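This report is written for a reader who is new to the structure shown below. It begins with one helix and then turns to the chains, their domains and their contacts.

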Amino acid sequence: MAKISILTTNHYSPEGNRIIYGGAERYGVEFTKMLVEMGFDVEWWQIGTGWESEIIPGVKLRTIPESEAPLKTLPRLNQAFYEKTVDADLAVYFVTFLAYPQVKEKSISISHGIFWDYPGFDTDLQTDTERREWLRRLYIALNGPQKVVSVDTATIQWAVSTWPGLFNKFEYIPNFVDTEKFKPGDKVLGNNKVRVAFPRRMTSVRGINEAAYAAEVLTKKYKNVEFHFIGRAHSDELEKQLTQWANRSQNIYYYWKSPEDMPRVLVNMDIVLIPSKSTEGTALSCLEAMAVGLPIIAGYVGGLSDLIINGYNGLLIKPTPKNLVNAIDYLLKNPDLRQKIGRNARETALAFDITIWKKRWAEVISEVLGK
Amino acid sequence: MSHNRLSIIMPNLLTWDGKKPVTGGLERYVWNLLALLKEMGISPDVHQNGSFDWEREVNGINIRGYGMARIAIEAAIQEIHGNTDRVFYASIIYHPTLYKPDSVVISHGVWWDSSNYDPVANLAICRQALEQAKTVVSCDYNFLNVMRATLPTLSHKIEVIPNFADLELFKPRQALKVKDGGDITILFPRRLDICRGIDLFLNAGIRIVKKHPGVKLHLAVDTNHPEFNRVVNEYINSTQEKNRIITGSYSFEDMPEVYATADIVVIPSIFSEGTSFSCLEAMASGCTLVVTNVGGLTNLIIDGYNGLIIKPDENELVHALETLIANPRLRLNLSRNARSVAESFSLNLWKERWRKIIREVYPDLVSPVF
C-alpha cells in the first residue's frame, strides 16, 4: 500500500485545542477520506508541541515543534517533515509555501487561492528586499513539486504572468460540493421574511464589515428582511462582540453551525453573501449555497469568478459597501430574478460535484505516482 | 473643437496607411464603443498610429493617423495628447507615457503570460496605467486578479466589464437537439496569431480527422498577414486529410452563418486572452465549446457545464474532442447551457455597464439625464 504524507500548517491550533472547520480544514478532511477510499496509507503532519491526534478516525496527525516563519515561509518545518517521512511514497504540501525549500521526489502541492492580494500584505513584507526574497521562495516552492493543484484559475494566471515557465506545473481542480447533501429543500422558517445569509468566517477579508453595514442599512429599510451571520470568528472575544452587536437589532442574528448542519440551515435562506475582498479561492461556502439553489452576491475576487457568472447564476460585484447594499436591494426587489439565478446556481453546482473532484484528483495522483 | 468631444486613442482602427479597417477583437470593440458614445450624445473621434499623417472619415467618425509612430510610438502619443482635450485609451499603452488623469483605459486581458515576454517590464506597463488613469476597465476577472496580487493598493481602480455577444445576430438556427450520426464540423474561428493556438488546433484536429471519417475541420481566419495564410494552406495541402479541412476568411456579417454550420468550436488560446468575442459568439450560436484555461476564458466557461476547459495541450484537446464526438447528448447539454449563459453577456448589458462608467469619468461630456 503506497504511503502518502501530508504537511500542513495548522489543521488544529498549535496547542491542539481550538478546532475551527474553515474551508481548508474541510478540504483536508474530504481529501483524506478520498485517499483512504483509494487505498492509500495516509498520515498528516502539522506544527505542534509533539502531541498526536487524528484527522479522521484511523488517520494519524502528528506534530513538529517548528513554528518559526521567516518571510511567511516555514523552512524548518519543511526540513523536519522531509526527514521524518522517509517512508513516504508521495508527499502532499497542503499549502504551496510549505514546499519551500525542499520537496520529496514525488510530491504535489495545493494552492487554495491567492492569499497576498490585500493591501495589508505590503506591511507584512515591508521592504523591496523582503518582498523579492518572499517571491523567490514562493517560486522555489511552486517549482519543486511535480504538480501544483490550484483550486482556481486566478492563481494560475498570476503565476504564469509572473513566471511564464510554470504553466505546466499547474492543474486546475476547482473545489467541490456534495450536491446530494446540499440541495434545494423546504423551509422550516416559512416565507414571511426574506433571509440574507453571510455563511463565512467572520473576518475582514471575507467582507464581514461590509456585510454588517448592509445588514444595518437594509434591516432599517425593510421590516421583513433578516440577516443571518453564520460562522466562527478568530477569537472568543470577537464572537462575543458579534453576538452583542446582533442582539441590538431585531432582525440580525449571529450563530454558527457545524458543516453537517449547514444544508438544513441554508435551505431557509433566500440570498447568500460571499463579498470577499481578497484571499479567496473557489469558496466551499459559495459552492454549497449554489448547490442549495440560492442566489449569491459574490465579490469579484480570486476564484469566485470561476464559479459565478455575473447575472447568470449570481451577481459578481466589486465588494464596496455601497455596491453590496445596492446588489442586495436589487435582489430583494426582484424575487423572480432570485428564483432564476438560484435555479442556474443549482445547475452549475452540479458541475462541481464532489465525485468529479475525486475523479480529477485520482488522475493527478496516478500521474505523479506513475503507477 | 466640439465641446463634448471625446478622443479615442488606440493602435490601429484602420491600417497604418488609413486605407482599410483592421480585423480584430479590439477594433470590433471600438466600433461598438463609438456607437455607444454617439448614443450618449458624445462626439467621439479616433487617433491612431499612421505611416504618415492622414485624416479620414469612416462611418461618420473622424480618424487621424500620426506618422510620428514610424519613429516612436511614445512621440505619436505625445502628439495626440497635444491635439486632444478629453481622451479615452482603448487599450493599455505599451510605451512609457503619461496618461491624462481623468481618463479611462481598457485592459483586454493579460497579454504577457508567455515566455516571450518580460513579466517585470509588462507589470510596470500596467502599473503606469493604474497609477495615472482614473479608471481601468478590464474585460476579464483574471487581469484584475493578477493586478490585485501584484499591486493590491491600486487594484480598486479596476472595474470589470466583460465582452459581449450580439444575441440577435448570433443565435441557434433551430431548436438545439441531439445530433446522432451525420457529419461533425469543428470550427477554429480565430486570427492566425501564435497566441490563438492555430498549431494546437491543426495538430489535434488532424489526428481527429484521420480517425473519424465524418469529421471536418473549418478554419475561419483573418488575412491581416497573407504570409501566415500561405503557410497554413501549404501545410493543410500537404496532408492526406486536406479535403476535409476547409479554410475561409469571412466578413463579420458572414460569421453568424459560419457558427451556425459548426457543431464544435475550439478556442485553443495559448496566452494573451481576455473574454474572447469568438468564444462568446460561439456560445450565443449554441455551439459546443472547448476552450483553454487561459485568461478570461474561464470567466465564460464552467468546465462540464457550458463547455469543456482544457490546458493548451494537444493530447488534452484530442481527448476533449473524442469525448464530444462520442457523446451527442453531452454536446447538446453543453451547447444549450452555452446559449443560456451567453444571454448574460448581451450587448445591452455591456452598454449599460459602460454608460455608468462613462457618466462617472466624463460627467462633463454627457448630457444630464432627467
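## An enclosed helix and its surroundings

In chain A, 10 of the 10 residues of α5(A) are buried, so this helix is largely enclosed by the rest of the structure. The model under discussion is predicted. The buried residues of α5(A) begin with A:T153, A:A154, A:T155, A:I156 and A:Q157, and continue with A:W158, A:A159, A:V160, A:S161 and A:T162.

The helix also takes part in the contact between the chains. In that contact, 31 residues of chain A meet 29 residues of chain B. On the side of chain A that touches chain B, at least two residues each are supplied by α3 (121-124), α5 (153-162) and α10 (304-307) of chain A. The largest share of this side, 8 residues, comes from α5(A). By class, the side of chain A that touches chain B has 16 nonpolar, 11 polar and 4 charged residues.

## Chain A as a whole

The secondary structure of chain A consists of 13 helices and 14 strands. Its radius of gyration is 21 Å, close to the 21 Å that the globule rule gives for 371 residues, so chain A is as compact as a globular protein of that length. Along the principal axes, the C-alpha atoms of chain A fill a box of roughly 60 × 45 × 40 Å.

Of the 371 residues of chain A, 48% count as buried. Among the contacts in chain A with a separation of 6 or more, 69% are accounted for by residues 24 or more positions apart.

## Domains of the two chains

Chains A and B are each divided into a domain 1 and a domain 2, and the table gives the bounds.

| Chain | Domain 1 | Domain 2 |
|---|---|---|
| Chain A | residues 3-176 + 354-369 | residues 194-352 |
| Chain B | residues 5-164 + 347-361 | residues 184-345 |

In chain A, the C-alpha centres of domain 1 and domain 2 lie 28 Å apart. The contact takes 19 residues from domain 1 of chain A and 17 residues from domain 2 of chain A. On the side of domain 1 of chain A that touches domain 2 of chain A, the elements giving two or more residues are α1 (23-37) and α5 of chain A. Helix α5(A) thus appears in this contact as well as on the side of chain A that touches chain B. By class, the domain 1 side in chain A has 10 nonpolar, 6 polar and 3 charged residues.

In chain B, 28 Å separate the centres of domain 1 and domain 2, taken over C-alpha atoms. Here the contact takes 19 residues from domain 1 of chain B and 15 residues from domain 2 of chain B. The elements that give two or more residues to the domain 1 side are α1 (25-39) and α4 (141-150) of chain B. By class, that side of domain 1 of chain B has 8 nonpolar, 8 polar and 3 charged residues.

## A pair of helices in chain A

How do the axes of α9 and α12 of chain A cross? The axes of helix α9 (residues 284-291) and helix α12 (residues 335-349) of chain A come within 7 Å and cross at roughly 115 degrees. That makes α9(A) roughly perpendicular to α12(A).

The contact is made by A:L287, A:M290 and A:A291 of α9(A), together with A:A345, A:R346, A:T348 and A:A349 of α12(A). These contact residues divide into 5 nonpolar, 1 polar and 1 charged.

Conventions. Residues numbered from 1 in each chain as written. Chains lettered and ligands numbered in written order. Predicted model: local features only at pLDDT ≥ 70, side-chain atom pairs only at ≥ 80, totals over all residues. Axes fitted to C-alpha atoms, helices over the stretch in contact; angles between N-to-C directions. Helix = DSSP H or I, 4+ residues; strand = E, 2+ residues; numbered from the N terminus. Parallel < 35°, antiparallel > 145°, perpendicular 65-115°, else oblique. Contact = placed C-beta atoms within 7 Å. Nonpolar A, V, L, I, M, F, W, Y, C, P; charged D, E, K, R; others polar. Rg over C-alpha atoms; globule rule 2.2 N^0.38 Å. Buried ≥ 20, exposed ≤ 12 C-beta atoms within 10 Å, placed from the backbone. Domains from an automatic or database assignment.
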